[in-house]
Amino acid sequence: MAGFDQLGARAIAAGVAAGDFSASEVARAALDAIEAREPKIQAFLQVSAGLALKAAAATDARRAAGEELGLLAGVPVAFKDNMHLLGTRTTCASLMLEHYESPFTATCVRRMLDAGATPMGKTNMDEFAFGSSTESSAFHRTYNPWDITCVPGGSSGGSAAAVAAGEVTLALGSDTGGSIRQPASFCGVVGMKPTYGVVSRYGVVAFGSSLDQVGPFGRSVADVALAMDALVAAGRDPFDSTSQEVPAGFLAHLEASVEGMRVGIMPDLMGHEALTPEVRAALDDARVALGDQGVEVVEVDLPHMASSIAAYYAIGPSEAFSNLARFDGVRFGYQQPGCTTLAEQTALSRAYGFGAEAKRRQMLGAYLLAAGVYDKYYYPAQQVRTLITSDYRRAFARCDAIMLPAAPTTAWCFGEVSDPMQMYASDLFTISCNIAGNGGVCVPVGLGADTGMPIGVQLQGPAFQDHKLLRMARALERGLEESGRIKPGSVAPAFAGKGGELA
Amino acid sequence: MRNVREVLRDWEAVIGLEVHTELTTLKTKMFCDCRLSHDDPPNTNVCPVCLGMPGALPVPNERAIEAIVMAGIATDCQIQRRSYFYRKHYFYPDMSKNYQTTQGPVAFCMHGHLDLEVTGQGAEERPEFTVEKAAGGSYVVPIRILRIHMEEDAAKMVHVGGTEGRITSASESLIDYNRCGTPLIELVTEPDLRTPEEARLFMEQLRQTFRTLGISDCSLENGSMRCDGNVSIRRRGDERLGTKTEMKNLNSFKALHDALAYEICRQAEVLEEGGVVCQETRHWEPSRRRTVVMRAKETSDDYRMYPDPDLAPFDLSDEFIERCRARVPELPLAKRDRYVADYGLKRADAAQIASNPAVAAIFEEVVVAVAKDVIPTVANVVVNLLPATRAVTAAQVASLADLLANNTITFAAAREVLETVDGTDANPETVVDERGMRQSTDTDALKTTVDEVLIRCADQVRQYREGNRRVIGFLVGQCMKASHGTGNPKLFNQLLRERLKG
Amino acid sequence: MGLTRKEVRGIAEYARIALTEAELDEMTTYLNEAIELLQPIREYNLTGVAPTFHPIGDLSNVMAADELDANDRALELGVALGNAASTQGRAFRVPSILGDGGGDR
């Protein structure tokens, strides 16, 4: 039989339901693949073999009892390590939470498990999701499956790499300024950031509460659509005040025709100096592929987009400072021993527990929220947010989705980008989507002619039009597949088939 | 130091109050579904939300929002439809997130007022109102309320190794998060209060109001209602405000009054000796009857407030506000006025009955069940006898009032009857009969008693005859005693006078 | 007109992050660069533009019924205290609060 990494989520769930193989067999195959591939990828911070086998056995028992199986029956899934799962640690890749045992399970994780998914473990990330390369993890690097001298992107680099290397079929990440879409682009997988409010944030360690959104990674748009169905099927989450009701049916309408739909492009942006020629070429390919599927291309403009980095770095760090204030070493987290006063204990615990970037963001946030400073940056940033949102509204009156790069370049090598400002600038094409709260998805377009590394193209859609956005993403994928540029579902070649045979 | 009444002749005090009230009548906390409870073992009612665990998110308790809107309606506040919750940051472990979720510049309730009626001795603290006082012995003054906002209470901390459980000199502190996240409303007055008595009355009236609304048990003792006072003084006639100090630990009405009185006198002494009042927070020490400095407040704290991104804005609908309005019961002042108008009660009696929702409920039940001429007797029983009881029914009060009104029993007997039926379903009339408490109207029997007393109390008889008419009261008392309370005191009085005349 | 080292030290004290002298230098440089990055938002005329604090459309008045723990989120004592480094009995424990002249509340 084939390796489990050759199967998509739908095929695994169908195979388990049909009795072609058991969920336990799939789980063992995934554990086998992880064991074989992980030494070179290091996508995981914790592999939850015990939980995985137990969940898979439960799925098999349900089938044996004749019960109906969930959408993701037996599908191996990994979770970014800022998502709580009872029975695992939730470290956020930080020394602060090195030994933190999850006291409960996050809603998004719960929904995947309720759909029958098998939890394989927790994936590496930039510390507290501050970063774009997963290099700021306090524990170890994660290597890009397409070239292990390169970063997988970030902050959800572990989740993207685990999917790209075929260690799991699906993974969840979180996206505050591009942390799903950029690593998806770097690792050649599909990554979706739904509209803010579509997926519950309850149980996901917050970075920027008004920007964070959870979403899935998969090796095809269909797998991502299936995961979205599992995430929203139970309705809005009463534990998250900002969560909203969204109908399921992402997969059901995925193949519907896009004839007559319109995609917006921004000619100015296409000529942006930061874009490498191969990324520009990929955007052209994507435009052609969408055209082949009957999508009309229109020009749109987002005049305030240039300010989105500034707005983002006012809003994000302010919210991060506030969200991370709770890490004082009293109720949880690292506590400096031997301190005689609370203030000393707090300051030293935080100094040890947080890495450099986590300290930088919190310091910036603490400054930006100070009396007198708040009115100079934070408040106007929220006004600029209104302008950016209006830009999108105007643009979406003329098109169904906007096409953008997911990142200006392909994956860079370790240590190549160490300056924070340079790192921040690389978020240019993804963060305006978080500022407006819209949905965005990154679809692989193929390998760059110069670097040979994966390039993804990003589609952004209007708020709560994520079904239509995924339909457009699928059209793009179909077009590229038809022209032979990509093969959806495929694993990074160096790792395909390494371990993970379905016995 | 001079006493506060003297000081207030030269100085005017400017007082503002911040009153925190826990919504103790709710079932759950402000932002999670943990049980509200005062007496569970430490850290029993805690969940990821109120422990501030990473990933936890708040969801506001609808009943709490209704309660604060009701509080706003009851204090004539403008109910703000649009408002946000804010995060107020400070590193202190009694707030598990190191920020408190509270409201920003716009609170649910803005710009209300309570009218205070200051009577009796307390009115004398305010010298400039002597004219009005001469007229009615009291004055009425409106106290403006700046705002009432919604927030969450902090955890309880026990400081170990220090004196009196205070934080100073403690070597460590223990934290219990059961209280953390309890719904709390904070009312801030404008600095309209001028005397400690006004401050005390304001708190009393506020407590009556909130109790009537049923939103809190308002226990100062248990800390479910807490008050901080700000006070500054200025020379009479001066428009400029003085430097204010903030008073903490005002956990009784007496403490509130006495701490403000002390602080006014202390500030006056400092200023009269040419010193300056420092802006500081002071702690009231009831045992030593003084305030001591807790901390200097040189700069205002920077709480880095900003709208909480985890909580959707509020945009209260007319329907929501009207639903709250419909749930506001008749308030104590309106009730008092109605009792005066409808039942001819004395204003003070009416106010006393109206101030306690449970007492008022019994009164209202009885008053519709008895004849009109019995109502004054009902009021008498409710005001003077009911407060000492635990569980007396309206039917028992009605029966007792009838027995009193038709002179079947004496007031002394009524007290005993009420004590006997308290907590049971016994009929007062049965008790009266069982114990032979019916007043005797048999004049011959009473005459015998009177004669016995007159013989026994020769001294008092002589005093009476020498012109000390007041001694008759003593003799009536002796007769009542001798008749075991069954004699009618009026009849005894009459018979005694007749006998002494002869 | 950038932030001085002394101001940055003050922010670090407020944010309860102990910084070494070398870290303080780096942090000062970083904060001034970051603030420079934010300048574009000060260049718009934002008069009359309402802020968007929540990217949630018209969502408002989200509340929950006052019902006891229907979902049983209350934690067992062992779990509640399980991640804390210092506890005593049923309570979380912290060292002296006023040792540094910090505030009483």
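**How many helices and how many strands does the secondary structure of chain B come to?**

A quick word on ground rules before the solution. This is a predicted model, where local features need pLDDT of at least 70, side-chain atom pairs count only at pLDDT 80 or more, and totals for chains, interfaces and linings use all residues. Residues are numbered from 1 along each chain as its sequence is written, chains are lettered from A and ligands numbered from 1 in the order in which they are written, and side-chain values use heavy atoms, with hydrogens and water left out.

Step 1: take the DSSP runs, numbered from the N terminus, with helices being H or I of at least four residues and strands being E of at least two. Chain B then comes to 17 helices and 16 strands.

Step 2: add the overall picture. Along the principal axes, the C-alpha atoms of chain B fill a box of roughly 90 × 55 × 50 Å. Of its 502 residues, 57% count as buried (under 20% relative accessible area, with exposed over 50% and partly exposed in between, 1.4 Å probe, protein chains only).

**Exercise 2. Work out how chain B sits against chain A.**

Step 1: count contacts, meaning heavy atoms within 4.5 Å. You get 32 residues of chain B touching 39 residues of chain A.

Step 2: get the buried area, which is the accessible area (1.4 Å probe) that two parts lose on being put together, summed over both. For this pair of chains that's about 2,700 Å², with 59% on carbon and sulfur atoms.

Step 3: look for salt bridges (a side-chain nitrogen of Lys or Arg within 4 Å of a carboxyl oxygen of Asp or Glu). There is one between chain B and chain A: Arg201(A) pairs with Asp310(B), with the closest N and O atoms 3.0 Å apart.

Step 4: sort the chain B side by class. It has 21 nonpolar, five polar and six charged residues (Ala, Val, Leu, Ile, Met, Phe, Trp, Tyr, Cys and Pro are nonpolar, Asp, Glu, Lys and Arg charged, and the others, Gly among them, polar).

**Exercise 3. Do the same for chain C against chain A.**

Step 1: on the contact count, 49 residues of chain C meet 65 residues of chain A.

Step 2: the two chains bury about 5,100 Å² between them, 69% of it on carbon and sulfur atoms.

Step 3: the salt-bridge count is one, and the partners are Glu23(C) and Lys359(A), at 3.8 Å from N to O. On the chain C side, α1 (5-14), α2 (21-37) and β2 (91-95) each supply at least two residues, and α2(C) gives the most, with eight.

Step 4: by class, that side of chain C has 36 nonpolar, seven polar and six charged residues.

**Exercise 4. Split chain A into domains and describe where they meet.**

Step 1: the automatic or database domain assignment gives domain 1 (4-262 + 465-482) and domain 2 (306-380) of chain A. Their centres, taken over C-alpha atoms, are 28 Å apart.

Step 2: the contact takes 18 residues from domain 1 and 20 residues from domain 2 of chain A.

Step 3: these domains bury about 1,600 Å² between them, 67% of it on carbon and sulfur atoms. In domain 1, Met96(A), Phe130(A) and Phe207(A) lose the most area to domain 2, together 43% of what that side buries.

Step 4: check for salt bridges, and you'll find zero between the two domains. The domain 1 side divides into 10 nonpolar, seven polar and one charged residue.
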